[in-house]
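Here is a walk through one protein model, written for someone who would rather be at the bench. Have a look at the structure first, then read on.

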Amino acid sequence: MLEFTHCQDCGRQREQNNFCPLCDKCYSDDDFDSQMVYCVKCDHWVHAECQGITVDQYECLRDLPEEVQFICRQCCEDQLTSPWYKELMEEMEAGYERVKDTDIDYMYE
């Protein structure tokens with residue numbers, strides 16, 4: 001399929017745009033186990049690992065409001081200045097502060 005560059009299953013997935021644009025690996029619509037985030041710019045799901053997103057960051061990113069729109073590193077040259085990344089880092093920092101404050105309160109009880 002696709003001029004013999006992919007097996008038949010991967011060829012079908014690519015025709016449906018079911019591939020990570022960063023690693024070029026295909027995925028199926030029923031793959032709910034992979035940690036992936038949706039890029040609003042290229043209209044693809046991206047493996048969190050390919051983007052360099054940690055497990056903790058992924059969990060936090062999933063909980064951010066819908067207004068925070070993810071853009072993959074292929075579509076955005078400087079991830080560190082992108083709005084979604086800034087929002088993610090602020091939320092991660094706030095979470096660390098809550099945990100730290102809870103630990104301090106617990107120590108003095």
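Glutamate 90 is exposed, with a relative accessible area of 53%. In the terms used here, buried means under 20% relative accessible area, exposed means over 50%, and partly exposed is in between (1.4 Å probe, protein chains only). Glutamate 90 sits in helix α4, residues 83–107. Helices (H or I, at least four residues) and strands (E, at least two) are DSSP runs, numbered from the N terminus.

Before going further, some housekeeping. This is a predicted model, where local features need pLDDT of at least 70 and side-chain atom pairs count only at pLDDT 80 or more, while totals for chains, interfaces and linings use all residues. Residues are numbered from 1 along each chain as its sequence is written, and side-chain values use heavy atoms, with hydrogens and water left out.

Which residues join Glu90 in a patch of negative charge on the surface? They are Glu66, Glu67 and Glu87. Patches are made of residues with over 30% relative accessible area and no salt bridge, joining like charges within 9 Å and nonpolar side chains (Val, Leu, Ile, Met, Phe, Trp, Tyr) within 5 Å. Lys and Arg count as positive and Asp and Glu as negative, with His and the chain ends not counted. A charge is placed at NZ of Lys, CZ of Arg, CG of Asp or CD of Glu.

There's a nonpolar surface patch too, made by Tyr38, Val40 and Trp45 and covering about 260 Å². Areas like this come from the Shrake-Rupley method with a 1.4 Å probe; for residues, only the protein chains shown count as cover. Valine 40 lies in the loop between β1 and β2 and is partly exposed at 36% relative accessible area.

Stepping back, the protein has four helices and two strands, in the order α-β-β-α-α-α along the sequence. Of its 109 residues, 29% count as buried.

How many salt bridges are there? The count comes to one, taking a salt bridge as a side-chain nitrogen of Lys or Arg within 4 Å of a carboxyl oxygen of Asp or Glu. The partners are arginine 62 and glutamate 59, at 3.6 Å from N to O. These two residues are three apart in helix α3 (residues 55–63), so about one helical turn separates them. Arginine 62 is exposed at 52% relative accessibility, whereas glutamate 59 is partly exposed at 34%.

Now for the cysteines. The structure holds zero disulfides, a disulfide being a pair of cysteine sulfur atoms within 2.5 Å. Why is cysteine 39 not bonded to cysteine 42? Because the cysteine 42 sulfur, the closest one to that of cysteine 39, is 3.6 Å away, which is too far for a bond. Cysteine 39 is also buried, at 0% relative accessibility.

Last up is backbone geometry. Most residues other than glycine have a negative phi, and most peptide bonds are trans. Two aspartates have a positive phi instead:

| Residue | Phi | Loop | Relative accessibility |
|---|---|---|---|
| Aspartate 24 | near 70 degrees | between α1 (8–15) and β1 (36–39) | 39%, partly exposed |
| Aspartate 43 | near 65 degrees | between β1 and β2 (44–47) | 49%, partly exposed |

Aspartate 43 is in the loop between β1 and β2, and valine 40 of the nonpolar patch lies in the loop between β1 and β2 as well.
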